[in-house]
Amino acid sequence: MLRRVRAWAPGGAFGSPAPLFSRAPVAPSSGGRGGAEPRPLPLSYKLLDGEPTLPAVVFLHGLFGSKTNFSSVAKAVARLTGRRVLTVDARNHGDSPHSPDASYEAMSQDLQDLLPQLDLVPSVLIGHSMGGKTAMLMALQRPDLVERLMAVDISPTATTSVSHFADYVAAMKAIAIPQKVSRSHARKLVDEQLRPMVEDIMVRQFLLTNLVEVDGHFSWRVNLDALAQHLDQIMTFPPQQQSYPGPALFLLGGNSDFVQPRHHPEIRRLFPRAQMQTVPDAGHWVHADRPQDFMAAVQSFLA
């Protein structure tokens, strides 16, 4: 039986955006590195209610994603485990506010602010890609807030050489859509314009989840300008000295190159209790490629 759901998105009505740019409210810069602590933003989230005595499960999406990426998994986890389950839009993604600061320090601070507000600490963090790095940094900064950690196809190292995210940003920024076209026609036009740089149809469909219509204008709901400016930073990981003492699982896609054997020493240094598990026939988006295997790994990790 599905339990009570709480959902929240900041703002409400948005002003008319410039075509193919931002539709979300923009927060002032909070200075992510080397200075004042980043200013947390009010993130959009959806919370499935459950047993308050059990640690809640928090799903964190990857670059260009949103909380809806884990909707089906979140419902299944809530149903099968009886736990509270939270899905969150990271800053500059989904329905959360935009900010010039797209650093992991800022994204971690957003969660450090939100989770205690919702009385969800300590919690289980499950993060994919960018969300996995955010989860890792929060666990290293505030281990008292993290009961255990699952990083999905990502490590606390640089991943620039194996990603095509820079190509995706460039392709999305180059899109042009005439006004007063239907949503289906707009999606078709965008798909055709993305195809030369984004050959994989599944990736194009994933990127198209960010295409939104507001007042007759189509725009990207992700903050492409901030992501483009910070992409090199997003592809790396902030240097850390302290380790996380709790349980950690690194769930890898068998067909993915994001986590290499040379990354294992740094994983072990920062997460000495880490276990590594590979899902056969899964690419970088493990939860989408092999949903049943992903769910089985989550259930086993929570047991």
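**Figure 1. Surroundings of V57 in strand 3 of the predicted model.** V57 counts as buried because its relative accessibility is 0%, and the cut-off for a buried residue is under 20% relative accessible area. The place of this residue is in strand 3, which spans residues 57-60. Leaving aside residues up to four places away in sequence, V57 touches V77, R83, R84, V85, L86, V124, I126 and L302. One of these contacts, V77, is itself a buried residue of helix 1. V57 and L149 are 92 residues apart along the chain, and a distance of 9.7 Å separates their C-alpha atoms.

**Figure 2. Helix 1 and the elements that cover its buried residues.** Helix 1 comprises residues 71-81, and its buried residues are V73, A74, A76, V77 and A78. The cover over these buried residues includes strand 2 (45-48), strand 3 (57-60), strand 4 (85-88) and helix 10 (291-302). After helix 1 comes G82, which has a positive phi, near 75 degrees.

**Figure 3. Strand 9 and its parallel partners, strand 6 and strand 10.** Strand 9 covers residues 248-253, and 6 of its 6 residues are buried. Both of its faces are covered, with A248, F250 and L252 buried on one side and L249, L251 and G253 buried on the other. Strand 6 (residues 146-152) runs parallel to strand 9 and is joined to it by 4 bridges. Within this pairing, L249 of strand 9 is the bridge partner of M150. Strand 10 (residues 274-279) also runs parallel to strand 9, and 6 bridges join the two strands. In this second pairing, G253 stands opposite V279 of strand 10. Between strand 9 and strand 10 the chain passes through helix 8 (residues 264-270), forming a right-handed β-α-β crossover.

**Figure 4. D232 in helix 7.** Helix 7 spans residues 224-234 and contains D232. With a relative accessibility of 59%, D232 counts as exposed, the cut-off for this class being over 50%. The C-alpha atoms of D232 and T159 are separated by 9.4 Å, although the two residues are 73 residues apart along the chain.

**Figure 5. The largest cavity and its lining.** The structure holds 3 cavities of 30 Å³ or more, and the largest cavity has a volume of about 100 Å³. Its lining consists of 13 residues, of which L60, A90, M107, L111 and T134 are the closest to the centre. Helix 2 (104-117) and helix 3 (130-141) are the elements that give two or more residues to this lining. Classified by residue type, the lining of the largest cavity has 7 nonpolar, 3 polar and 3 charged residues.

**Figure 6. The largest pocket and its lining.** The volume of the largest pocket is about 860 Å³. A set of 33 residues lines the largest pocket, and M202, V203, W285, A288 and D289 lie nearest its centre. At least two residues of this lining are supplied by each of helix 1, helix 4 (165-173), helix 6 (201-208), helix 9 (286-289) and helix 10. The lining of the largest pocket has 15 nonpolar, 13 polar and 5 charged residues.

Notes:
Residues numbered from 1 in each chain as written. Predicted model: local features only at pLDDT ≥ 70, side-chain atom pairs only at ≥ 80, totals over all residues. Heavy atoms only, no water. Buried < 20%, exposed > 50% of the residue type's maximum accessible area, 1.4 Å probe, protein only. Contact = heavy atoms within 4.5 Å. Pairing = 2+ DSSP bridges. Right-handed = clockwise from strand over helix to strand, strands pointing away. 1 Å grid on protein atoms, 1.4 Å probe; cavity = no way out; pocket = protein on both sides within 12 Å on 5 of 7 lines; lining within 4 Å. Points joined across faces, edges and corners; volume = space filled by probe spheres on them. Nonpolar A, V, L, I, M, F, W, Y, C, P; charged D, E, K, R; others polar.
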